[in-house]
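User: I am new to this structure and would like a short tour. Could you take my questions one at a time?
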Amino acid sequence: MADVRIEKLYKAYGSVEVIHGVDVDIPDGRFVVLVGPSGCGKSTLLRMLAGLEGVTDGTISIGGRVVNNLPPAERNIAMVFQNYALYPHKTVAANMGFALKMQRMEKAEIDQRVATAAEILGLKPYLKRYPRELSGGQRQRVAMGRAIVREPQVFLFDEPLSNLDAKLRVQMRTEIRELHQRLSTTTVYVTHDQIEAMTMADQIVVMRDGHISQQGAPLELYDRPANMFVAGFIGSPSMNLIEGVVEHKDGQPFVVAEGVSLEAPNMDGLDEGRRITFGIRPEHLLLDDTGFEAKVAVVEPTGSETHLVLRAAGREIIVVLRERRSIRPGDTIRLRPQAEMAHLFDTGTGLRLE
């Protein structure tokens, strides 16, 4: 096991720079998720960690050792890819032990490591099967087992659940998290799915256009997003962001957007007429006769919750109701945001106001 330190890391392809001075500190045993939209640079950063991409500038250290110029085989890391990359003509046991065989490890040691990994992953009944005889989830477990037997300092996962159906993704999320809790190996996991990031990570690194927008614990990012991008990206459904101007009524600040007045938290800098973006999570909008009017466009019952898509303040607003209500498309309802749960952002810079 080892810590991972990324300092002032740059990556360019010719004149095109895709990673812009990234700094990430990953303590030993931490499960860190790199998350962001397609093209943000998260997979490139992971491949640089693995040694599959060169470093233009900056340093990558694993266990206190700078590995910039080391080939992948000498970094003591193991990578699990989106596609399982299994040998179709080899059994599960042979796939899992192949890298150890290439290292000329003794057969008894290989068998012992494969058996241990198979026990951890529930693969003992399948060791003599071939990949074509396995389900998608079982193949992904074999790919994970192939990584485990190497006993690496660091696990790297590159969107490993993208090819699985929704139910299996949930199951595999749990299995990967339990695996980490059992092995306590430093893990870096790449995904574009913020639900995976929220449910699996000790630490989330949100990337955008080759920069880090924010990094921290999952609930820290959810409760205190540093900017509008993180606010809109983390959380499902995402935060409602309503642009307006500040008006004061009896000393209380409001953000007014197309005739809708939204009570804002009292803080410095809310000068009259300042353009502000008001952020509110869907679960923090309450049905209240004293609130603003909104027209229901879509009702989405999920069972435990009901999601409403509304039209108000010149935009689409999402509300999550925990209780069941008789609400139909075309209805007009009234909503009141919980002012103490609101987030305010500078519309020009996109940064959070404290």
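Analyst: The turns below go through the domains, the contact between them, and a few local features.

User: Is this an experimental or a predicted model, and what does the UniProt annotation cover?
Analyst: The model is predicted. An unreviewed UniProt entry annotates residues 4–234 as "domain: ABC transporter".

User: What is the chain like over residues 4–234?
Analyst: Helix accounts for 37% of that stretch and strand for 26%. The C-alpha atoms at its two ends are 24 Å apart.

User: Which domains does the domain assignment give?
Analyst: The assignment lists domain 1, covering 4–233, and domain 2, covering 240–346. Their C-alpha centres lie 39 Å apart.

User: How many residues of each are in contact?
Analyst: Seven residues of domain 1 are in contact with seven residues of domain 2. The area buried between the two domains is about 640 Å², and carbon and sulfur atoms give 60% of that area.

User: Which three residues supply the most on the domain 1 side?
Analyst: They are Tyr 222, Met 228 and Ala 231, which together supply 74% of the area that domain 1 buries against domain 2.

User: What about salt bridges and polar contacts across that interface?
Analyst: The rule finds zero salt bridges between domain 1 and domain 2. It does find two residue pairs in polar contact across the interface, both at pLDDT 80 or more.

User: Which helices of domain 1 touch domain 2 with at least two residues each?
Analyst: Those are helix 7 (218–223) and helix 8 (228–233). Helix 7 gives the most to that side, with three residues. By type, the residues on the domain 1 side divide into five nonpolar, one polar and one charged.

User: Changing topic, how many salt bridges does the structure hold?
Analyst: The structure holds 18 salt bridges. One of them joins Arg 5 and Asp 25, whose closest N and O atoms are 3.3 Å apart.

User: Where do those two residues sit in the chain?
Analyst: Arg 5 belongs to strand 1 (residues 4–13) and Asp 25 to strand 2 (residues 16–26). The pair is 20 residues apart and links distant parts of the chain.

User: Which peptide bond is cis?
Analyst: The bond from Ser 236 to Pro 237 is cis, with omega near -5°. Pro 237 is found in the loop between helix 8 and strand 11 (240–249).

User: And what is the phi of Ser 184?
Analyst: Phi of Ser 184 is near 55°, a positive value in a residue other than glycine. Ser 184 is in the loop that runs between helix 5 (166–183) and strand 8 (186–191).

User: Why point out these two features?
Analyst: They are pointed out because most residues other than glycine have a negative phi, and most peptide bonds are trans.

Terms used:
Residues numbered from 1 in each chain as written. Predicted model: local features only at pLDDT ≥ 70, side-chain atom pairs only at ≥ 80, totals over all residues. Heavy atoms only, no water. UniProt positions renumbered as here; feature names shortened; annotations may be inferred. Helix = DSSP H or I, 4+ residues; strand = E, 2+ residues; numbered from the N terminus. Domains from an automatic or database assignment. Contact = heavy atoms within 4.5 Å. Buried area = accessible area lost by both parts, 1.4 Å probe. Salt bridge = Lys/Arg side-chain N within 4 Å of Asp/Glu carboxyl O. Polar contact = N/O pair within 3.5 Å; in protein donor to acceptor, adjacent residues only side chain to side chain. Nonpolar A, V, L, I, M, F, W, Y, C, P; charged D, E, K, R; others polar.
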